[in-house]
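I opened the notebook on this entry to look up its charges, its surface patches and a few single residues. The notes follow the order in which I looked.

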Amino acid sequence: MTTHIRWLVIIIVLTIFSAWVVIPKEQDFAPDFNDDGEPEIVILGQQPLGLDLVGGLRVLLQTTIDPTSYTDEDLSETANNVNRRVNALGLTEATVQTLGRQRILVEIPGETDRDQAIETIQQTALLEFVNFSGLTVTDIDRLEGQSIITSEQIALGLTDPADNTSQLNPTTGQPFQTGLTGDCLARASAQFGQTSNFGGNEWFINFEVEQDCVGDFAAFTRSMVGQPMALVLDGIVLSAPRVNSELTTGGIITGQFTEEEIQTLALQLRSGALKIPLEVESAIEVGATLGQQFLNDTIRAGTLGALIVFMFMLIYYRVPGISADIALFVFILLNLAIFKLLPVTLTLPAITGFLISIGTAVDGNVLIFERIKEEIRAGKDLDSALGDGFDRAWQSIRDSNISTIIICGILFLFGQTPGASIVSGFAVTLAIGLILNLFTAVTVTRTFLYLIAAVSRKQLENNKWLLGV
């Protein structure tokens, strides 16, 4: 009994925590109404919804260089950097996929600021620390804010030395020499404050370099002491401060930035430069294919189905049905809490996977209760029937759930292919439900059923119909 009391405390704590996660912290409980005058269901709170339910932005990006000049790994790394940028913008659960060897598809549910999203995704954010030794103050002032040609840009194929729109080193007539690139950055954060001894606050970026790059960064800045070192982003000179002393772990990047510009720049630097430059082939604002009405109908159907399941378990299995209903309630709360914490983007297939998992949660209880009834009919006492019922049903529950989880894994892998991402949502929510079912259908149900049996043992032993027999 001590073990069951201990589990009861754990279950109560998990339930309270899940309820705290699921219930919106700031919720206007006045109902919203759709175009037909029907109240909109807001039970999902701030849960991210998929492109099929809320619409959003679909951007198709194409590489601007010859596909033979980069590998499939380079394209995948570029797509990963795009994904980090989009998600860091707060546009969670965007879908980023490569299409062939020249295109990347980005789908952003709920996005409305089309221009900012495209600008942040597309820019390469190549940061260079460039040697400006030998330049006069006049040359530096003339070059700030201008496009220049550097050795790194030429090496990456991002510019042509004969490009008349970008400037060469006026003292040598050759491309400027890049000392280091932003690949060495470990952190970059936007800050506001004073950056010089002349007073006045401004936006700037405070950056740190990777531990492996500290030696190279120190050596480069040591060689530049007393000389101007330009900070160049995507070929544009941001600033060219004079290096007063050797820098080891990092520094600051200044310029005439607005708050929005500095936040975007910091994000691009943190997420890394795009190995392959991209241009927007198309950008389409996608309307919700299903929308709020379908979401409302799905939730109503799911709620009705869950209530019917609750009633069936209570009427058919009686006292064991009470413990099953409690376990099912805990199961639903735990699922919704995990959806919020991950977070899981709820498309219509993802919601369907969750509703199916509710049915599988009840399946486990049915196996247990039917086994308990068989043990009681065989003449065993209540404690032995309960123990054998749970122990012998566990293997069937475990094997059936694990086999379905394996199928979910296969569905998830196939869902990573272009055009099939919606399958992944179904696989994820169903798999989460199956894993939680291994806990709730056995541990939660067992805890409450044993506690009920402890306080009403005589009634249950004298009235077998209370156990569904």
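Before turning to the nonpolar patch, I noted what a helix is here: helices are DSSP runs of H or I with at least four residues, numbered from the N terminus. I also kept in mind that the model is predicted.

**Entry 1: nonpolar patch.** With that naming in hand, I found that helix α9, residues 291–317, gives the most to the nonpolar patch, with three residues. The patch is formed on the surface by Met-311, Leu-314, Ile-315 and Ile-322, which together have about 360 Å² of accessible area. I looked up Ile-322 separately and placed it in helix α10, which covers residues 319–341. Its relative accessibility is 36%, so Ile-322 counts as partly exposed, given that this class lies between the 20% and 50% limits.

**Entry 2: the chain as a whole.** I then stepped back to the totals and noted 14 helices and 11 strands in the protein chain. Of its 469 residues, 45% are buried. Among contacts with a separation of 6 or more, I noted that 75% join residues 24 or more positions apart. The chain exposes about 23,200 Å², and carbon and sulfur atoms supply 56% of that area.

**Entry 3: negative patch.** Which residues form the negative surface patch? I listed Asp-113, Glu-119, Glu-259, Glu-260 and Glu-261. Helix α8, residues 259–271, contributes the largest share of this patch, namely three residues. I checked Glu-261, which lies in helix α8, and found that it is partly exposed, with a relative accessible area of 42%.

Next I looked at Thr-258, which I placed in the loop between β10 (250–253) and α8. Thr-258 counts as partly exposed, at 42% relative accessibility. I also looked up its separation from Phe-204: the two residues are 54 residues apart along the chain, and their C-alpha atoms are separated by 9.5 Å.

**Entry 4: salt bridges between strands.** How many salt bridges does the structure hold? I noted 15, and I went through several of them, starting with a pair that involves two strands. Glu-107 forms a salt bridge with Arg-58, and the closest N and O atoms are 2.7 Å apart. Because Glu-107 lies in strand β3 (residues 103–109) and Arg-58 in strand β1 (residues 56–63), the pair ties together parts that are 49 residues apart in sequence. Is Glu-107 buried or exposed? I found that Glu-107 is buried, with a relative accessible area of 14%, whereas Arg-58 counts as partly exposed at 30%.

Strand β3 came up again in a second pair, in which Glu-281 forms a salt bridge with Arg-103, with the closest N and O atoms 3.0 Å apart. This pair links distant parts of the chain, since Glu-281 is in strand β11 (residues 278–286) and Arg-103 in strand β3, 178 residues apart. I noted that Glu-281 is partly exposed, with a relative accessible area of 38%, and that Arg-103 is also partly exposed, with a relative accessible area of 30%.

**Entry 5: a salt bridge within one helix.** I then turned to Arg-371 and Glu-375, whose side chains meet in a salt bridge with an N to O distance of 3.2 Å. Where do these two residues lie? Both are in helix α11 (residues 348–377), four residues apart, which is about one turn of the helix. For the accessibility of the two partners, I noted that Arg-371 is partly exposed, with a relative accessible area of 28%, while Glu-375 counts as buried at 4%. Salt bridges that share partners join this pair into one network with Glu-374, Lys-380, Asp-388 and Arg-392.

**Entry 6: a buried asparagine.** My last look-up was Asn-401, whose place is in helix α12 (residues 382–414). Its relative accessible area is 5%, and I therefore recorded Asn-401 as buried, the limit for that class being under 20%. Which residues does Asn-401 touch, not counting those up to four places away in sequence? I found Leu-434, Asn-437 and Leu-438.

Key: Residues are numbered from 1 along each chain as its sequence is written. This is a predicted model: local features need pLDDT of at least 70, side-chain atom pairs count only at pLDDT 80 or more; totals for chains, interfaces and linings use all residues. Side-chain values use heavy atoms; hydrogens and water are left out. Patches are made of residues with over 30% relative accessible area and no salt bridge: like charges are joined within 9 Å, nonpolar side chains (Val, Leu, Ile, Met, Phe, Trp, Tyr) within 5 Å. Accessible areas come from the Shrake-Rupley method with a 1.4 Å probe; for residues, only the protein chains shown count as cover. A salt bridge is a side-chain nitrogen of Lys or Arg within 4 Å of a carboxyl oxygen of Asp or Glu. Lys and Arg count as positive and Asp and Glu as negative; His and the chain ends are not counted. The place of a charge is taken as NZ of Lys, CZ of Arg, CG of Asp or CD of Glu. Buried means under 20% relative accessible area, exposed over 50%, partly exposed in between (1.4 Å probe, protein chains only). Contact means heavy atoms within 4.5 Å.
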